[in-house]
Amino acid sequence: MPAMVLSSLMRPPNDKSHCIFMIAGEASGDLHGANLVKALKRKKQNIVFSGIGGKAMQDAGVEIVVDAATLSVVGITEVLSKLPGILGGMAAAKSFLKNARPDLLILIDFPDFNLRIASVAKKLHIPVLFYISPQIWAWRSGRVTKIGRLVDHIAVILPFEATFYRKHHIPVTFVGHPLLDEFKDRPIPFPGPLLEKSHPPVIGLLPGSRESEIFRLLPVMLQAARILSRQMDIRFVVSMAPGAPHDAIKALCLPFQDELRLEIDPDGARSVFAKTHLVVAASGTVTLEAAIAGTPVVIIYKVSPISYRLGKALIKVKHIGLVNLIADREIVPELIQDRASPELIAETVLKLVNTPSALDAIRRAFVDVRNRLGGPGASSRVADIALNMLEGHTP
């Protein structure tokens, strides 16, 4: 991915095109950013795009000035390992804003980084659209005042978020969840493989896309798979997410290849959903994608002990899984921190696999979750907001 080139910072004096700078710090944001760029291009031709993102945004036509892979990290203590890259990314973004003076800044999730860049844009009188809300309704809700001061409009993808921001008098639009666009040509939930006695169950293992997640979660998942394989005839599929370190995933799986019926799928989560009865997945957007696809999921997560203690003190919601948050009840199991042990993961999976009615109940609950997310077209609706802001209108 290219580093920032100084010649790209200056706009020709007679350039009549609009310039949008976008920042997506994670793999899911990169995908949503790419879809937004495509929607904007369908509606208006004379827009040039630059930003921080990944391959999806680059392929959509964004000049990438900083590779998002150098920034993405989860956990409070884990940030230290990527601090040089984060600080470098901030410096590059600030330089672009000051020199190129884009007509609009679009921030996609990644709040701790993005709100710092929003403060620079505010001083430069650059309009700011925040797409995909920081989860301030879950923790650190005091940030809502800062968002109201720095952001001109916020496009949210979960229905209860709009109510939260309206209470604080922040301009907001519920645009629906962009994942629905990925499944708009399929029935939801589409039929998955059936648990039949003549076929062994197939379990997906989705350890996330960040290197730190993968090294923390995949070994635990594989150890749980080992326990399960000693109790029943069963197969496993490991997902390699876009942008994930594929060599690291293969290396972690290698010691288990001889004793497990193990497949590594290079085509990402959606491919895994189509061939599995159940997935064990790192908490995050992929668990909501599983719900939209109709594939039951066991959510697991681990961070460093310090990050967990600090986070637990700050988090104000009953669930951490997006599926359970949207449903406002626990419809899928959550195994967090010490509970995300190989033994408890294996026990939870075994119980579900041996109880087809429980899997069916989860799939039925997923229909309600999907209905709460609005219809397809999130990217198009955000594009309309962005175009209004480019023209100086209030969305």
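User: Which residues cover the two faces of β4, and are they buried or exposed?

Analyst: On one side of β4 sit Leu104, Ile106 and Ile108, on the other Leu105 and Leu107, and all of them are buried, where buried means under 20% relative accessible area, exposed means over 50%, and partly exposed lies in between, with a 1.4 Å probe and protein chains only. The strand spans residues 104–108, and 5 of its 5 residues are buried. In a regular strand, side chains alternate between the two faces of the sheet.

User: What kind of model is this, and how are residues numbered?

Analyst: This is a predicted model, in which local features need pLDDT of at least 70 and side-chain atom pairs count only at pLDDT 80 or more, while totals for chains, interfaces and linings use all residues. Residues are numbered from 1 along each chain as its sequence is written, and side-chain values use heavy atoms, with hydrogens and water left out.

User: Back to β4: which strands does β4 pair with?

Analyst: β4 pairs in the parallel sense with β1 (residues 18–24) over 5 bridges, and with β5 (residues 128–131), also in the parallel sense, over 4 bridges. Strands (E, at least two residues) and helices (H or I, at least four) are DSSP runs numbered from the N terminus, and two strands pair if DSSP finds at least two bridges between them. On the β1 side, Phe21 stands opposite Leu105, and on the β5 side Leu107 stands opposite Phe130.

User: Which helix goes with β4 and β5, and what is the handedness of that β-α-β unit?

Analyst: The helix is α4 (residues 111–123), and together with β4 and β5 it makes a right-handed β-α-β unit. Right-handed here means that, with the strands pointing away from the viewer, the path from the first strand over the helix to the second runs clockwise.

User: Okay, over to β9: why is it described as largely enclosed?

Analyst: Because 4 of the 5 residues of β9 are buried, the strand is largely enclosed by the rest of the structure. β9 runs parallel to β8 (residues 202–206), to which 4 bridges join it, and Leu205 has Val238 of β9 as its bridge partner. Going from β8 to β9, the chain passes through α8 in a right-handed β-α-β crossover.

User: How many bridges join β9 to β10?

Analyst: There are 4 bridges between β9 and β10, which run parallel, and Phe236 is partnered with Leu262 of β10. The chain goes from β9 to β10 through α9, and this crossover is right-handed as well.

User: How many cavities come out of the count?

Analyst: The count comes to 2 cavities of 30 Å³ or more. A cavity is a set of points on a 1 Å grid over the protein atoms alone where a 1.4 Å probe fits but cannot get out, and its lining residues have an atom within 4 Å of a point. Points are joined across faces, edges and corners, and the volume is the space filled by probe spheres set on them.

User: What lines the second largest cavity?

Analyst: The lining consists of Leu205, Met221, Ala224, Ala225, Leu228, Phe236, Val280 and Ile345, around a space of about 40 Å³. Helix α8 gives the largest share, 4 residues. The lining divides into 8 nonpolar, no polar and no charged residues, counting Ala, Val, Leu, Ile, Met, Phe, Trp, Tyr, Cys and Pro as nonpolar, Asp, Glu, Lys and Arg as charged, and the others, Gly among them, as polar.

User: Switching to charges, how many salt bridges does the structure hold?

Analyst: It holds 14, a salt bridge being a side-chain nitrogen of Lys or Arg within 4 Å of a carboxyl oxygen of Asp or Glu. One of them joins Arg261 and Asp233, whose closest N and O atoms are 2.7 Å apart. Arg261 lies in the loop between α9 (246–253) and β10 (262–265) and Asp233 in the loop between α8 (211–229) and β9 (235–239), so this pair ties together parts that are 28 residues apart in sequence.

User: What about Lys275 and Asp265?

Analyst: Their side chains meet in a salt bridge at 2.9 Å, N to O, which links Lys275, in the loop between α10 (269–273) and β11 (278–282), with Asp265 in β10, 10 residues apart. Lys275 is partly exposed at 29% relative accessible area, whereas Asp265 is buried at 1%.

User: And where do Arg270 and Glu289 lie?

Analyst: Arg270 and Glu289 form a salt bridge at 2.8 Å, N to O, with Arg270 in α10 and Glu289 in α11 (residues 285–293), 19 residues apart. Arg270 is partly exposed at 24%, while Glu289 is buried at 11%.

Conventions
On a 1 Å grid over the protein atoms alone, a cavity is a set of points where a 1.4 Å probe fits but cannot get out, and a pocket is an open set with protein on both sides within 12 Å along at least five of seven lines; lining residues have an atom within 4 Å of a point.
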